[in-house]
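Please walk through the strands of this model first and then through a pair of its helices. The account below follows that order.

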Amino acid sequence: MIDRYKSNDVIESLEDVAYKNGITILDVYDLDKSTSDCVIMSVKTVFMNYSYDKVSYAFRLAHEISHILFGNPESQNVYYFSECGKRGEEFEAHKNAIEMLMKIKRPTTVQTFMEAYSIPSWLSEYVEIDYRRSNEYSKTR
Ligand SMILES: [Zn+2]
């Protein structure tokens, strides 16, 4: 299931964003599936647990990249992924990840987007907001 996301063009676009911003992505293959991905701000490195399967690789990668791109480097050096992080910088990284993925590939519906990236259901209202925004944007072009 993870391979499906790992091999698509969305991952490549995210890797491209990472590369252009000097971010290193390290896939770790021998971790327990409950071990969270993490990002170390000072060395701009994202450690991705390849076995983690509750949320798609693409969404988690976008989330971790968001910490480095939009986060405050002074506030914290290490972040661990949590699909239920509803506060502060975790919440911001979730919202920025949704926006980033929406820009890479506009979905046909909110539902397909939620399913394709196995995004935690509590975030659906934010997917809805970004989806509506991307619709309006495409109309004005
Ligand atoms: Zn995070």
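In this predicted model, the hairpin formed by S2 and S3 has 4 residues between its strands, and lysine 44 there adopts a positive phi near 45°. The two strands of the hairpin, S2 (residues 38–40) and S3, run antiparallel and are joined by 3 bridges. Within this pairing, cysteine 38 stands opposite phenylalanine 47 in S3.

S3 also pairs with S1 (residues 24–28); here the strands run parallel, with 5 bridges between them. Aspartate 27 stands opposite methionine 48 in S3. Strand S3 thus has S1 as a parallel partner and S2 as an antiparallel one. Is S3 mostly covered or mostly exposed, and how many of its residues are buried? Strand S3, which spans residues 45–49, is mostly covered, with 4 of its 5 residues buried.

The helices come next. The axes of H3 (residues 57–70) and H4 (residues 88–104) approach within 8 Å and cross at roughly 115°. Because of that angle, H3 counts as roughly perpendicular to H4. The crossing in which H3 passes H4 is right-handed.

Which residues meet where these helices touch? From H3 come Ala58, Phe59, Ala62, His63, Ser66, His67 and Phe70. On the H4 side they meet Glu89, Glu92, Ala93, His94, Asn96, Ala97, Met100 and Leu101. Sorted by class, this contact of H3 with H4 consists of 8 nonpolar, 5 polar and 2 charged residues.

Terms used. Residues are numbered from 1 along each chain as its sequence is written. This is a predicted model: local features need pLDDT of at least 70, side-chain atom pairs count only at pLDDT 80 or more; totals for chains, interfaces and linings use all residues. Axes are lines fitted to C-alpha atoms, for helices over the stretch in contact, and angles run from 0 to 180 degrees between N-to-C directions. Angles under 35 degrees count as roughly parallel, over 145 as roughly antiparallel, 65 to 115 as roughly perpendicular and the rest as oblique. A crossing is left-handed if the near helix is turned anticlockwise from the far one by less than a right angle, and right-handed if clockwise. Two residues are in contact if their C-beta atoms, placed from the backbone, lie within 7 Å. Ala, Val, Leu, Ile, Met, Phe, Trp, Tyr, Cys and Pro count as nonpolar, Asp, Glu, Lys and Arg as charged, and the others, Gly among them, as polar. A residue is buried if 20 or more other C-beta atoms lie within 10 Å of its own, exposed if 12 or fewer, and partly exposed in between; C-beta atoms are placed from the backbone. Two strands pair if DSSP finds at least two bridges between them.
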